[in-house]
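This briefing describes the surface, fold and cysteines of one protein model. Please consult the sequence and structure shown here alongside the text.

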Amino acid sequence: MTADRSALKSHTWESVPAWATVLVPVGSFEQHGPHLPLDTDTAVAAEVADRAARALSTAHVVVAPAIPYGSSGEHQAFPGTMSIGTPVLTSVLVELGRSLRTWAAAVVFVNGHGGNLDAVTGAVEVLRAEGQTVAWFPCASADADPHAGWAETSVMLRLRPQDVRSERARPGNCAPLHMLLPALREQGLRAVTANGVLGDPSGADADAGEALVVDMVATVANGVRRLGPP
């Protein structure tokens, strides 16, 4: 079987492309309602990064192993959630960026979890102040609802249908996110949704999930192209 040359883990130190652009998926391990797996954000970030690397069609873009833990303190009232918090995640991303840039031309964080926003933007700010070539792009689509609703359920039906418990999918709090944010930030997600869902997974399907992933991949691939050649 031929190894995937875009996967950094498949290389030896001698086969790593010179001055590569490295995509680093950044995920989380947190509750996603009664129907989606705990690693949903990581699975999405890894898939988007892998596809973006293939879409760029160059051996000089490689994908690092995904960071499986993020800043998920708002989900901590739900069992299964594992969070390392914003300060630690920021430090991890900064140190990874510094390490990668000793041999890579550029580092791109592909973020799959909204709660990581402060860490990702903070790390990029620190690294750029040091003169590093680094950027980040979200796994986001204009059609997505906030959390474990129609969008994420559709995507996971495309990526890992065997792990989606569709019979347990139920609507959560469907109020606009901006109305929920004050209570969510102060008291956590449990204060605004009993089942951990923000949105409505009803009508989710794999075809819609594929379209969402394609949209996310385009965002990342186009962003990397704007960085210029490695």
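The protein exposes about 10700 Å², an accessible area obtained by the Shrake-Rupley method with a 1.4 Å probe, for which only the protein chains shown count as cover where residues are concerned. Carbon and sulfur atoms supply 56% of that exposed area. This is a predicted model, in which local features need pLDDT of at least 70 and side-chain atom pairs count only at pLDDT 80 or more, while totals for chains, interfaces and linings use all residues. Residues are numbered from 1 along each chain as its sequence is written, and side-chain values use heavy atoms, with hydrogens and water left out.

**Fold and dimensions**
- The protein contains six helices and four strands, taken as DSSP runs (helices: H or I, at least four residues; strands: E, at least two) numbered from the N terminus.
- Their order from the N terminus is β-α-β-α-β-α-β-α-α-α.
- The C-alpha trace spans about 50 × 40 × 30 Å along its principal axes.

**Packing**
- Of the 230 residues, 48% are buried, that is, under 20% relative accessible area with a 1.4 Å probe and protein chains only.
- Among contacts (heavy atoms within 4.5 Å) between residues at least 6 apart in sequence, 79% join residues at least 24 apart.

**Cysteines**
- Cys-139 counts as buried because its relative accessibility is 15%.
- Cys-174 has 51% relative accessibility and therefore counts as exposed, the cut-off being over 50%.
- The count of disulfides, defined as pairs of cysteine sulfur atoms within 2.5 Å, comes to zero.
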